[in-house]
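The following report walks through a few local features, helix by helix and strand by strand. Please keep the coordinates at hand while reading.

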Amino acid sequence: MKGKFEPLILAFCCNYCPSCSADLAKSAKLQYPPNIRIIKVPCIGAVGIIHILKALENGADGVCLMGCLEGKCEYSTGNFRAMKRVQYVKKLLGKLSIEKERLELYNFAAAEAYRFCKLAREVTETVRTLGPTPLKINNSKI
Amino acid sequence: MIVGQQKDFDEIKKMISAYSRILVLGCQTCVAISFAGGMREVEILASMIRMDRKMAGQDVEIKEEAILRQCDFEFLDSVKDLVAGCDVVLSLACGIGVQAMAERYPDKVILPGLNTTFMGVTEEMGIWSERCAGCGDCILDKTGGLCPIARCSKGLLNGPCGGSVNGKCEISPDVDCVWQLIIDRLKALNQLEKLEEIFPIKDWSVSGHGGTRKIVREDLTA
């Protein structure tokens, strides 16, 4: 069954660099797995703990946060805040016995279309290996 | 403000294990500022409980609410219907809020989701520290606005003790010796002579050693 499992991964994507990389991938006709569903946010620092938890609670098999490179945040420290927040939520997931690898943060420059696609494939593969979220129930939707 | 810290999730889980209809009730005043019991924390904790129960295959119905002040009875009536519809209230207020809820709703089980830690200040985002011990007989006028009761590890009134080294307390190099701070501040204010003043023995009867404290203002009572 695990071989056929297609994970659903929610990606919170900063409207600046990571979104540019994603758009560039589209322009260059590069492909990344359709498992990744992108939600654009004004800054990755705007993604709160509750947004990550809600994504998992509502059936996402994995969540990733995509922010700008360190020192390149449009709002100065948003990506650092996101980094600390991800570490905090990983601890919460530990309390719930949910694999911490289901949540990751990545930093991108604006023209990293190839890396964006490569990481999207890697994330999908990691979550596919982990299997469906322990929370998965029938008909769960996001 | 009163600073709180959320209890460990395992402890909370154990407390609420017998209940399936839970009201997670936050307080939007002090504990919201210390990121322990405001609406944000209510949502996070409720989400965690739901996920935990879902994985255990147990049903749970969680209501989420936060009121302006759980320590004031007049605000507690606003959640009357929510309280009636649940088996248990998991309060994310300080100990005062939990007790006020228990008093207002005597038939309902009220559980604490926080440990009430101290009265203090936000030093910076994410860092809080103690400032007041509520001793009932303030001496800040004599100590340059720095409290030795709350901030001296020994609560000394005649510090610094021999454990003060380079302005730090002997319990940890991260803890300032408040008596050093007091002397530095009074010196800067040119009021160092204040420490030479002989004052009577501090009245500890008003610090709680005389029993539960209560204030009655006749001009305000009905």
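Against which element do the buried residues of α8(B) pack? In this predicted model, the buried residues of α8(B) pack against α7 (148–151) of chain B.

## Helix α8 of chain B

Helix α8 of chain B comprises residues 178–188, and its buried residues are B:Val178, B:Trp179, B:Ile182 and B:Ile183. These residues cover an arc of only 140° around the axis, which means that they lie on the same side of α8(B).

On the face of α8(B) that is turned away from this buried side, the exposed residues B:Lys187 and B:Ala188 are found. Just after the helix, B:Asn190 adopts a positive phi of about 60°.

## Helix α4 of chain A

In chain A, helix α4 (residues 113–130) has 18 residues, and because a helix is expected to advance 1.5 Å a residue, a span of 26 Å should result; the end C-alpha atoms are indeed 26 Å apart, which agrees with that expectation. The helix is followed by A:Gly131, whose phi is positive and near 90°.

The buried residues of α4(A) are A:Ala113, A:Phe116, A:Cys117, A:Leu119, A:Ala120, A:Val123, A:Thr124, A:Val127 and A:Arg128, a list in which A:Arg128 and A:Thr124 appear beside residues such as A:Phe116 and A:Leu119. The elements of chain A that cover these buried residues include the strands β1 (9–14), β2 (36–41), β3 (62–68) and β4 (103–108), together with the helix α1 (17–27).

## The sheet β1-β6-β7 of chain B

Chain B contains an open sheet of three strands in the order β1-β6-β7, with antiparallel pairing. The edge strands, each of which pairs on one side only, are β1 (2–6) and β7 (127–132) of chain B, and the twist from one strand to the next averages 70°.

Between strand β6 (residues 114–124) of chain B and β7(B), which run antiparallel, there are five bridges. B:Thr122 has B:Trp128 of β7(B) as its bridge partner.

## The contact between chains A and B

Where the two chains meet, 12 residues of chain B are in contact with 12 residues of chain A. On the chain B side, α1 (9–16) and α3 (39–56) each supply at least two of the residues that touch chain A, and the largest share, 10 residues, comes from α3(B). Sorted by class, this side of chain B has five nonpolar, one polar and six charged residues.

Key:
Residues numbered from 1 in each chain as written. Chains lettered and ligands numbered in written order. Predicted model: local features only at pLDDT ≥ 70, side-chain atom pairs only at ≥ 80, totals over all residues. Helix = DSSP H or I, 4+ residues; strand = E, 2+ residues; numbered from the N terminus. Expected span 1.5 Å × (residues − 1). Buried ≥ 20, exposed ≤ 12 C-beta atoms within 10 Å, placed from the backbone. Contact = placed C-beta atoms within 7 Å. Nonpolar A, V, L, I, M, F, W, Y, C, P; charged D, E, K, R; others polar. Arc of directions from axis to C-beta. Pairing = 2+ DSSP bridges. Axes fitted to C-alpha atoms, helices over the stretch in contact; angles between N-to-C directions.
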